[in-house]
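Work through the following exercises with the sequence and the model open beside you, and try each task before reading its solution.

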Amino acid sequence: MALYYISKPALLFSLLSFFLQRSAQWSGGLRFWFGMALAFSLIGDVVLMFEGEVLFLAGMVAFSLAHTGYILFYVRLKLRYTWSAVLIAVLFPILVLLAM
């Protein structure tokens with residue numbers, strides 16, 4: 001059980017550290033939103049490792065802020081989607097659910 005409390009946050013902390021080292025050339029807004037999303041994901045992971053209603057709600061708030069950061073990152077990235085990518089993104093989860 002002790003390994004769980006070490007490995008779970010260590011994985012996301014490693015990802016955040018790697019991102020901060022490798023994203024120096026990114027524009028400020030992109031780097032900020034993605035870094036913030038990873039940081040709030042780390043906070044959410046740590047808070048949800050413990051029991052309690054308040055901690056659960058705090059974890060959910062952290063993950064909501066993380067997802068907001070991911071969304072704002074992709075909005076600022078201004079990706080151009082092709083119809084095939086949209087089709088795959090929509091159909092793949094449906095096919096996975098039907099296969100269960």
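Helices (H or I, at least four residues) are DSSP runs numbered from the N terminus. The model is a predicted one, in which local features need pLDDT of at least 70, side-chain atom pairs count only at pLDDT 80 or more, and totals for chains, interfaces and linings use all residues. Residues are numbered from 1 along each chain as its sequence is written, and side-chain values use heavy atoms, with hydrogens and water left out.

**Exercise 1.** Place F73 in its helix and decide whether F73 is buried or exposed.

*Solution.* Begin with the helix: F73 lies in α3, residues 53-77. Next, take the relative accessibility of F73, which is 5%, so F73 counts as buried (under 20% relative accessible area; exposed is over 50%, partly exposed in between, with a 1.4 Å probe and protein chains only). Finally, list the contacts (heavy atoms within 4.5 Å): leaving out residues up to four places away in sequence, F73 touches W26, L30, W33 and F34.

**Exercise 2.** Find which residues D45 contacts, and determine how far away the nearest side chain of opposite charge is.

*Solution.* D45 belongs to helix α2. Setting aside neighbours within four places in sequence, D45 is in contact with K8, L12 and F63. D45 is buried, yet has no salt bridge (a side-chain nitrogen of Lys or Arg within 4 Å of a carboxyl oxygen of Asp or Glu). The nearest side chain of opposite charge (Lys and Arg count as positive, Asp and Glu as negative, with His and the chain ends not counted) is that of K8, 4.1 Å away.

Note on methods: Helices (H or I, at least four residues) and strands (E, at least two) are DSSP runs, numbered from the N terminus.
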